[in-house]
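Thank you for making time for this. I would like to walk you through one structure that is new to most of us, and I will begin with a detail of its surface before turning to the whole.

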Amino acid sequence: MKLQETKTVAEMVTEKIKTACIFYADWFKEKYLEPHFKIEEQVFFPLLGTNVRVKRAFANHRRIIKLLTCSCEHIMVLNLLEEELGTHVRFEERILYWEIKKIATPQELAEIEKHHQGLCFNDAEWEDQFWLE
């Protein structure tokens, strides 16, 4: 009987973790990721023109948003999201950002910086900071 009770509690906690992660991912998408992608797509990427790397970045953005808006509540979606975000961030840091630094004028770099200054990630705004408890 105690074993069954432990299993039930574990299932309940697992469901709460999954639900909290999904709500947090939704919040993160709305408050930070979509505005960040918008700045990149409207300010940053046009400086690079249309090339295979820019197309890849746009495709990455679409896949990440698709994963974040997926209606399935399966933990595998969160795993895919983690992999996709990590791959995208590394691609931008190792390739796209260096390309921009090579070709952008100081004024263009200042413009990019100006747009990103208004976009500060602060998860203190998240209502349920379950990871702090």
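**A surface patch, and then inward**

Let us start on the outside, where Val9, Met12, Val13 and Ile17 together form a nonpolar patch on the surface, with an accessible area of about 330 Å² between them. Please keep in mind throughout that this is a predicted model. From that patch I will single out Met12, which has its place in helix H1, a helix covering residues 2–48. With a relative accessible area of 44%, Met12 is partly exposed.

Let me now step back to the chain as a whole. How many helices and strands does the chain have? There are 4 helices and 0 strands, and if you read along the sequence, the pattern that the chain follows is α-α-α-α. The chain has 133 residues, of which 32% count as buried. About 9400 Å² of the chain is exposed, and carbon and sulfur atoms supply 58% of that area. As for how the chain meets itself, if we take the contacts with a separation of 6 or more, 77% of them are accounted for by residues 24 or more positions apart.

With that overview in hand, I would like to turn to the charged pairs. The structure holds 4 salt bridges, and I will describe some of them, beginning with one that involves Lys29, a residue of helix H1. The side chain of Lys29 meets the side chain of Glu34 in a salt bridge, at 3.5 Å from N to O. Are these two partners buried or partly exposed? Glu34 counts as partly exposed because its relative accessibility is 31%, whereas Lys29, at 13%, counts as buried, since the cut-off for buried is under 20%. If we leave aside the neighbours within four places in sequence, Lys29 is in contact with Glu34, Pro35, Ile65, Leu68 and Thr69, so you will find Glu34 both in this contact list and in the salt bridge just described.

A second salt bridge joins the side chains of Glu84 and Arg63, at 3.0 Å from N to O. This pair links distant parts of the chain, with Glu84 in helix H3 and Arg63 in helix H2, which covers residues 52–69, and the two are 21 residues apart. Here Glu84 counts as buried, at 17% relative accessibility, while Arg63, at 39%, counts as partly exposed.

Another of the salt bridges brings together the side chains of Lys114 and Glu111, at 3.6 Å from N to O. Both of these residues lie in helix H4, which covers residues 106–117, and they are 3 residues apart, about one turn of the helix. Glu111 counts as partly exposed, with a relative accessibility of 33%.

Let us move on to the aromatic rings, where a search of the whole structure finds 5 aromatic pairs. One of them is made by Phe44 and Phe45, whose ring centres are 5.8 Å apart and whose planes stand at 65°, so the pair is edge-to-face. Both partners count as buried, Phe44 at 5% relative accessibility and Phe45 at 1%. Which residues do ring pairs link into a cluster? They are Phe44, Phe45, Phe58 and Tyr97.

The last residue I want to show you is His88, which is found in helix H3, covering residues 75–103. His88 counts as buried, because its relative accessibility is 2%. Its side chain makes a polar contact with the side chain of His61, at 3.1 Å, and the side chain of His88 also makes a polar contact with the side chain of Glu92, at 2.9 Å. Not counting residues up to four places away in sequence, His88 touches Phe37, Glu40, Ala57, Asn60, His61 and Ile64, and so His61 appears both among the residues touched and as a polar partner of this buried histidine.

To gather the threads before we look at the model together, we began with a partly exposed methionine, Met12, in a nonpolar surface patch, and we ended with the buried His88 in helix H3. I am glad to go back to any of these places in the display.

How values were computed: Residues are numbered from 1 along each chain as its sequence is written. This is a predicted model: local features need pLDDT of at least 70, side-chain atom pairs count only at pLDDT 80 or more; totals for chains, interfaces and linings use all residues. Side-chain values use heavy atoms; hydrogens and water are left out. Buried means under 20% relative accessible area, exposed over 50%, partly exposed in between (1.4 Å probe, protein chains only). A polar contact is a pair of N or O atoms within 3.5 Å; within protein, one must be able to donate a hydrogen and the other to accept it, and residues adjacent in sequence count only if both atoms are side-chain atoms. Contact means heavy atoms within 4.5 Å. Patches are made of residues with over 30% relative accessible area and no salt bridge: like charges are joined within 9 Å, nonpolar side chains (Val, Leu, Ile, Met, Phe, Trp, Tyr) within 5 Å. Accessible areas come from the Shrake-Rupley method with a 1.4 Å probe; for residues, only the protein chains shown count as cover. Rings of Phe, Tyr and Trp (its six-membered ring) pair if their centres lie within 6.5 Å; planes under 30 degrees apart count as stacked, over 60 as edge-to-face and the rest as tilted.
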